[in-house]
Amino acid sequence: MKQAMIIVNPSSGKANALEYVNSVSEVLEAAGYRVKVEETAEPLDATRYCIAACEGRYETVVSIGGDGTLHETINGLVDREHRPRLGVVPLGTVNDFARALRIPLDPDEAIAALNSPHTRRVDLGRLNEELFANVVAAGTLPESLAQVTSEEKSRLGVFAYLKEGVKELVGSHAQPMTIRYNDQVWEGECPLFIAALTNSVGGFERLAPGAEVDDGLLHGYIFKDLSLFTTMTASLSLLLGSLEEHKDVIAFTSDYVEIDSPSALRTNVDGETGPPLPIRLRVLPRHIEVIVPAAAEEA
Ligand SMILES: Nc1ncnc2c1ncn2[C@@H]1O[C@H](COP(=O)(O)OP(=O)(O)OP(=O)(O)O)[C@@H](O)[C@H]1O
């Protein structure tokens, strides 16, 4: 019999994630699966459960939670010979991965879409030894955002959360960074660098409008200035999808990026605080298979 594992973070989505477990089980059982439910209790549990699903040759793993739970789940897939298909029920504040794959943001609609016969192979990123699904940010802004707790983020919502970070940043100094990509080296003061795998970053679905989930590329944006004025005009560019033309932004694509700084700056990986610089980013092209609604199937 086919096996499916549900990995659920009870603390996610305003702490009501467990309410969705029964309906996910019903959809999977109706599709002929034997279902195992694993509740996370602490960080990295989702990774441990996903590794067990790979080793047990499960056909499908469904992550119920926010981008943090999804990030930990996909990290269980790294270097595994058997990688189950992934289903996503998005319950977080931002849900970039679901946005990029046009998985419904309404949990009940996302659960119904788990029935879809369509899948899409998508790229994952590799940061040093860990995997990421959406985005890595480095610089003074991610350093400021590291002070905002997960609880505050859920309470504030994504725009207020970014505003908090920018508020912290005004008056502080951008740190020198070295960014290597495509045989080029950029050196300068950089308050924010973003490497995106998908078009949706921080809930801005048009940040990287050219990014396809399976293009094998990192979409890099070096912000050279982030004074209040730049922040406002860059935010407008984010909403309009014209960031690449912004005068204070260098945009590029590459299959690798290396970032270093003499300052011990932290990073932000898929919306959570990541390791300090230096970091190396790579792309694992079309590394996992995700259940998607018909509209998001690859051509
Ligand atoms: N039982 C638990 N109690 C508290 N935290 C948990 C538990 N299980 C997992 N976690 C941690 O909760 C973190 C946040 O999870 P996740 O991002 O999925 O939810 P969220 O906070 O609702 O979403 P968002 O961050 O988008 O608002 C994860 O990084 C995970 O390590």
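Here is a walk through the structure, from its overall layout to the ligand and the helix beside it. Keep in mind that this is a predicted model.

Let's start with the whole chain. The protein has 299 residues, and 46% of them are buried. Its secondary structure adds up to 9 helices and 16 strands. If you take the contacts with a separation of 6 or more, 74% of them join residues 24 or more positions apart.

Now split the chain into its parts. There are two domains here: domain 1 covers 2-115, and domain 2 covers 135-285. They touch each other, with 11 residues of domain 1 in contact with 16 residues of domain 2. On the domain 1 side of that contact, α4 and α5 (96-100) each put in at least two residues. Helix α5 has the largest share of that side, with 4 residues. Sorted by class, the domain 1 side is a mix of 4 nonpolar, 3 polar and 4 charged residues.

The database record draws a boundary of its own. UniProt, in an unreviewed entry, lists residues 1-130 as "domain: DAGKc". In the model, that span is 35% helix and 28% strand, and the C-alpha atoms at its two ends are 32 Å apart.

Next, the ligand. Its shell is made of 25 residues, and S12, G66, G68, T69 and G92 are the closest. Three elements give two or more residues each to this shell: α1 (12-15), α4 (67-74) and α8 (150-169). Of the elements, α4 has the largest share, at 4 residues. As for the chemistry of the shell, polar residues number 14, alongside 6 charged and 5 nonpolar ones.

So where does the ligand sit relative to the two domains? Domain 1 and domain 2 both contribute residues to the shell, so the ligand lies between them.

That leaves α4, which has turned up twice already: this helix supplies residues to the side of domain 1 that touches domain 2, and it also gives residues to the ligand shell. How exposed or buried is α4? Of its 8 residues, 8 are buried, so the helix is largely enclosed by the rest of the structure. If you want to pick them out on screen, the buried residues are D67, G68, T69, L70, H71, E72, T73 and I74. Two of those names, G68 and T69, should look familiar, since they are among the residues closest to the ligand.

Key
Residues numbered from 1 in each chain as written. Predicted model: local features only at pLDDT ≥ 70, side-chain atom pairs only at ≥ 80, totals over all residues. Near = placed C-beta within 6 Å. Nonpolar A, V, L, I, M, F, W, Y, C, P; charged D, E, K, R; others polar. Domains from an automatic or database assignment. Buried ≥ 20, exposed ≤ 12 C-beta atoms within 10 Å, placed from the backbone. Contact = placed C-beta atoms within 7 Å. UniProt positions renumbered as here; feature names shortened; annotations may be inferred.
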